[in-house]
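Dear colleague,

Here is the structure that I promised to pass on to you. Please look through it first, and then read the notes that follow.

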Amino acid sequence: MSRPTYAIVDTAAFVANYRYAKSLAPRARALALVKANAYGHGAVTLARALAAEADAFGVACSEEAMELRESGIDNAIVLLEGVFEPAEIANAAMHHFTLVVHSPLQLDWLLAARPARALDVWLKVDSGMHRLGFEPGELAEAYARLDASPNVGKIVLMSHLASADDTTSTTTTDQLARFHQAIRGIEAPVSLANSAALMAWPQTHGSWVRPGIMLYGSSPLDTPDSKLQPVMRFESRLIAIHDLAAGESIGYGGRYTCSVPTRVGVVATGYADGYPRHAPDGTPVAVNDQRVQLIGRVSMDMLTVDLTDQPQAQVGDHVQLWGDRVSVADVARQCGTISYELFTRITRRVHFQYR
């Protein structure tokens, strides 16, 4: 019998979340982000589930795009970091990839290339995040050079928003104004909205939206959205139960000491499966669909939970680390991180099941 640690992925929920994203910006097309192996959920399976409806898929690099092409996905695919060397351009043309161009170096590579066909381009401007993109004052010239080149097909103008998840900040409106100033006089489709902007800033929607984390059922905003359906259930089983006296300590370093007689359950999940080692005491876990708390330090293969309020629990019982009973956002908040990181940390020894 195999180790009972599973990631159960609901492909129908993924499709439903994409439809919900589209409904928030009905005039825009939606680039479904499946980079980083679909945020740890399995890019090929989820892209296949959505292929009939997706306007396009977004990935970080050629390797991720090729995995989709080789699995039979023929939708448009956007390389969100563009190419990393000139030799990639021929392959991108052959496989009909769309390139983000975010630097003068990438622009020169593309204009000097001899691709077998023109490539569609998303031209990126740095509107204030200061990560990738042309300076606003450089954008018009970059656009004119691309527009005049036979190597280039359609052009979309894009930028990335740094603080769209903070609805009290003026950063998004400042970036939006800077972006529109940079593209003044250019008639082209635009793309600004990530998941947070799609949900909270309708003025950013433009021609293309780029839903990412919301496709996986996790809201990027502080408040949950009941219309988002969790796509992953990270689950395991109880493999041992102990009754400890007050004063006894649990696990490495004895981080947690029982203040009263405590029933302790051992779960077959640890940091080698992707569960965060730094999860503090009190992090929520569900046993038999009832919330309990993590106690003691997470180890490589196991973690421990307080079963004092579940006297009926027994070895073999069901445990959910996150999913529909425990929000991944709640776990992330307790751990001082974000759901994106938790999803992408899941390791290869976890058994994936697709439903």
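How much area does the protein expose, and what share of it do carbon and sulfur atoms supply? The protein exposes about 15,700 Å², of which carbon and sulfur atoms supply 49%, the areas coming from the Shrake-Rupley method with a 1.4 Å probe, where for residues only the protein chains shown count as cover.

Please keep in mind that this is a predicted model, in which local features need pLDDT of at least 70 and side-chain atom pairs count only at pLDDT 80 or more, while totals for chains, interfaces and linings use all residues. Residues are numbered from 1 along each chain as its sequence is written, and side-chain values use heavy atoms, with hydrogens and water left out.

Of the 355 residues in the protein, 53% are buried, that is, under 20% relative accessible area with a 1.4 Å probe and protein chains only. In soluble globular proteins, nonpolar side chains tend to be buried together. The largest nonpolar core (buried Ala, Val, Leu, Ile, Met, Phe, Trp, Tyr and Cys residues joined through side-chain atoms within 4.5 Å) has 113 residues, of which Leu-68, Leu-123, Tyr-275 and Trp-322 touch the most other members. Another core, of 5 residues, lies apart from it and includes Ile-250 and Cys-258.

Which residues does Trp-322 touch, not counting those up to four places away in sequence? Among them are Met-232, Phe-234, Tyr-275 and Leu-342, where a contact means heavy atoms within 4.5 Å. Of the contacts between residues at least 6 apart in sequence, 65% join residues at least 24 apart.

With best wishes

Terms used. Buried means under 20% relative accessible area, exposed over 50%, partly exposed in between (1.4 Å probe, protein chains only).
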